[in-house]
Amino acid sequence: MLRRILVPVDFSTASARALAVARDYAPEGAIIRLLHVLNPSQLAEDSANPVINPMHAREIRTEAEHQALEKLRTWMREGEEMAIEVGSAAEKISEHADDWGADLIAMGTRGRTGLSHFLQGSATEWLVRHARQPVLAVHDVELDPEQNRYLPPNA
């Protein structure tokens with residue numbers, strides 16, 4: 001039985017749809033946890049300062065975590081949980097799922113192909129191959145109209 005469903009969220013349409021599907025399929029009493037993974041290289045790119053000292057890096061990370069938590073709060077519903085990790089998306093999702101004891105990972109996939117898939121890879125594809133939990137991959141397609149009520153606001 002599904003008791004803990006981890007939903008990695010990157011605030012894309014695909015992740016919003018994965019969250020809606022997870023909410024729709026979650027049995028009564030299951031806990032849904034939204035997880036956002038911050039990429040360390042993205043944090044460095046977001047800084048206007050090309051030379052970042054350790055104190056400045058901590059401030060950038062803290063601000064990025066704060067912004068992500070605020071956005072996660074707008075996507076959450078009562079009874080759901082949220083978490084932030086920093087690192088490689090696929091690895092952090094897998095580690096978090098293990099540590100939290102997730103029964104299922106439900107995540108969106110944008111179906112990248114060609115060069116962008118080759119260069120960036122796919123966290124979903126990696127997790128399907130390596131995660132210890134089942135992975136529900138939700139494609140970026142229109143949902144059943146009944147499932148739209150489970151979408152986060154403005155998604």
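Helices and strands here are DSSP runs, helices of at least four residues and strands of at least two, numbered from the N terminus. On that basis, the elements of the protein chain run β-α-β-α-α-β-α-β-α-α-β from the N terminus on. The chain therefore has six helices and five strands by this definition. The model is a predicted one.

**Overall figures**

The protein chain has 155 residues, and buried residues make up 37% of them. Contacts between residues at least 6 apart in sequence were also sorted by separation. Of these, 78% join residues at least 24 apart.

**The nonpolar cores**

The largest nonpolar core holds 19 residues. Which of them touch the most other members? They are I5, V7, V9, L19, I32, L34 and W75. Five elements each supply at least two residues of this core, as listed below.

| Element | Residues | Supply to the largest core |
|---|---|---|
| β1 | 4-8 | at least two residues |
| α1 | 13-25 | at least two residues |
| β2 | 31-38 | at least two residues |
| α3 | 54-75 | at least two residues |
| β4 | 104-109 | at least two residues |

The largest share comes from α1, with six residues. A second core is separate from this one and has 12 residues. Its members include L35, I105, M107 and L127.

**W75 and F11**

W75 deserves a look of its own. Leaving out residues up to four places away in sequence, W75 touches V9, F11, S12, S15, A16, L19, R23, L34, E80, P152 and P153. Among these partners, V9, L19 and L34 are named with W75 as residues that touch the most other members of the largest core.

F11, another W75 partner, lies in the loop between β1 and α1. What is the sign of phi at F11? F11 has a positive phi of about 70°, although it is not a glycine. Most residues other than glycine have a negative phi.

**The α4 and α6 pair**

Two packed helices are described by the angle between their axes and the distance between the axes. Helix α4 covers residues 89-100, and helix α6 covers residues 123-130. Their axes come within 9 Å and cross at roughly 45°. That angle makes α4 oblique to α6. The crossing of α4 and α6 is right-handed.

Which residues meet at this contact? From α4 come A89, A90, E91, I93 and S94. From α6 come A123, W126 and L127. The residues of the contact divide into six nonpolar, one polar and one charged. L127 of α6 is also one of the residues in the second core.

Technical notes:
Residues numbered from 1 in each chain as written. Predicted model: local features only at pLDDT ≥ 70, side-chain atom pairs only at ≥ 80, totals over all residues. Heavy atoms only, no water. Core = buried A, V, L, I, M, F, W, Y, C linked by side-chain atoms within 4.5 Å. Buried < 20%, exposed > 50% of the residue type's maximum accessible area, 1.4 Å probe, protein only. Contact = heavy atoms within 4.5 Å. Axes fitted to C-alpha atoms, helices over the stretch in contact; angles between N-to-C directions. Parallel < 35°, antiparallel > 145°, perpendicular 65-115°, else oblique. Left-handed = near helix turned anticlockwise from the far one by under 90°. Nonpolar A, V, L, I, M, F, W, Y, C, P; charged D, E, K, R; others polar.
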